[in-house]
Amino acid sequence: MSTLKPSQFLMIPGPTPVPSAVLEILARPPIGHRSTEFSNILTAVSKDLQALAQTKEDVFILTGSATLAMEAAISNTISAGDKVLCLVGGAFGERWANIAQAYGARVERLNYQPGTAVDVEQLADKLKADKEKTIKAVTVIHNETSTGVLSDLRQIAHLIRKHGALSLVDAVTSFGAINIPMDEWRVDVMLTGSQKALMLPPGLSMVFFGSRAWAAQATCKSPRFYTDLARYKKSLANNTVPFTANVSFVCALQKSLQLMQEEGLAAIQVRHFKLKAMVRAGVRALGLKLFVDDDFASPTITAILPPDKISVGDIRQALKQDFNIVVADGQESLQGKIFRIGHMGYVFERDILMTLACLHSVLKKLGHDVPAQPAIQAALQAASNK
Ligand SMILES: Cc1ncc(COP(=O)(O)O)c(C=O)c1O
């Protein structure tokens, strides 16, 4: 049997495909983390990240996945006994709640139905009812990866600021794919990870930390060492890092940010909304149901229900086996109920057309026989409408 196979193609919501220009930098020998060369790169990358977030606030690069940045956000602002309102509509909203609980916070969950977005009116009522201002912070998932839902961060952050609590925002699967003007939207803390729209492998996370968060940090009693952002701030003032940074990844990040600048954030956003429209139109034309309504569908992840009598496991396995394409299962209670196609970062129209055609082929094999052409036609039509 031939060992020559098509390369694996990741259509999952992270890790995402990495451009070869970025991979080439990762293959270079590491440089010293105390070298002038690295200092210059670190300073440039920090500025580029601030430009992407349109913020004057601080940004720090941590060596660890996005959950480390979530933990840094909590451990620098929340003390045991503080009340934290967690907006929970999926696995990652719940992760915020779990981290806050681990630091002894009094967590209150404001649940919203998985597959729907944060109910802004419900949030407004909740915050209005907190007359004593007991809520110290509100945790938000901008783009809930587990369901493929984008919430209205601009409105949410506005309501939180009006109340006076801190907004702690997970923008892991939205940052770099869509426009998030952090200062204009008055977000206090925002974080992301390298393996999503930033087009790197997993390993780095970035946390933007605003002046109101620093005020909270000054009195925050939570134990912290590696995630103590004051150490990162002090070091960055000297163009360096408190601990050995993942130098190779920071150098590669400089390249991916450069590629993003060349495309431009506005064009990147248009591309992601176009990919979303293509996937949704194509999947509908294949006779499948989407888990999320158009109103709050994510531009980076699409959650799809399998047809009757065909399991998510069978679809995923056939895509892998026949075409070496990987799509994701649902998470936790949604495992086996939906499958998710990621279209974030280094993904283009060709990739969507290819995925739809391959999805058609495996569905047909598994007994869901619909013509392929309408799906491709619908996707192309959706692309030309954008
Ligand atoms: C919205 C969101 N938040 C947090 C995380 C956790 O990131 P990591 O696995 O990089 O720690 C993920 C991972 O997929 C995510 O999608």
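## Exercises on strands, cores and a ligand site

Strand β2 (residues 58–63) runs antiparallel to β10, with 6 bridges between them. Keep that pairing in mind as you work through this predicted model.

**Exercise 1.** Work out which strands flank β10 and where its side chains go.

*Solution.* Begin with the β2 side: there, L62 has S205 of β10 as its bridge partner. Next, take strand β9 (residues 189–193), which pairs with β10 in the antiparallel sense over 5 bridges. On this side, M190 stands opposite F208 in β10. Strands of a sheet pair through backbone hydrogen bonds, either parallel or antiparallel. Now turn to the side chains of β10: L204, M206 and F208 point one way, while S205, V207 and F209 point the other way. Finally, check the burial: strand β10 (residues 204–209) has 6 of its 6 residues buried.

**Exercise 2.** Find the residues that touch the most other members of the largest nonpolar core, then follow the contacts of L49.

*Solution.* This core has 56 residues, and those touching the most other members are L49, I61, L87, V138, F175, M190 and L253. Helix α9 (residues 247–263) is its biggest contributor, with 8 residues. Now zoom in on L49. Leaving out residues up to four places away in sequence, L49 touches V59, I61, F175, M206, F208, L253 and L257. Two of these partners, M206 and F208, point the same way from β10. One more step: another core, of 35 residues, lies apart from the largest one, and V88, A97, L168 and W214 are among its members.

**Exercise 3.** Describe the surroundings of the ligand and its polar contacts.

*Solution.* Start with the neighbours: 13 residues surround the ligand, the closest being S65, T67, T145, D170 and K196. Then go through the contacts by atom type. For ligand oxygen, a backbone N or O atom of A66 lies 3.0 Å from one such atom, and a polar side-chain atom of T67 lies 2.5 Å from an oxygen atom of the ligand. For ligand nitrogen, an N or O atom in the side chain of D170 is 2.5 Å away. Last comes the area: the ligand alone exposes 390 Å², of which the protein buries 88%.

**Exercise 4.** Lay out the open sheet of 4 strands and identify its edges.

*Solution.* Write down the order, β11-β12-β15-β14, with antiparallel pairing. The edge strands, each pairing on one side only, are β11 (289–290) and β14 (328–329). Now inspect one edge: β11 pairs with strand β12 (residues 301–305) over 2 bridges. There, K289 stands opposite L305 in β12.

Note on methods
Residues numbered from 1 in each chain as written. Predicted model: local features only at pLDDT ≥ 70, side-chain atom pairs only at ≥ 80, totals over all residues. Heavy atoms only, no water. Core = buried A, V, L, I, M, F, W, Y, C linked by side-chain atoms within 4.5 Å. Buried < 20%, exposed > 50% of the residue type's maximum accessible area, 1.4 Å probe, protein only. Contact = heavy atoms within 4.5 Å. Pairing = 2+ DSSP bridges. Near = heavy atom within 4 Å. Polar contact = N/O pair within 3.5 Å; in protein donor to acceptor, adjacent residues only side chain to side chain. Areas by Shrake-Rupley, 256 points an atom, 1.4 Å probe, with all protein chains shown as cover.
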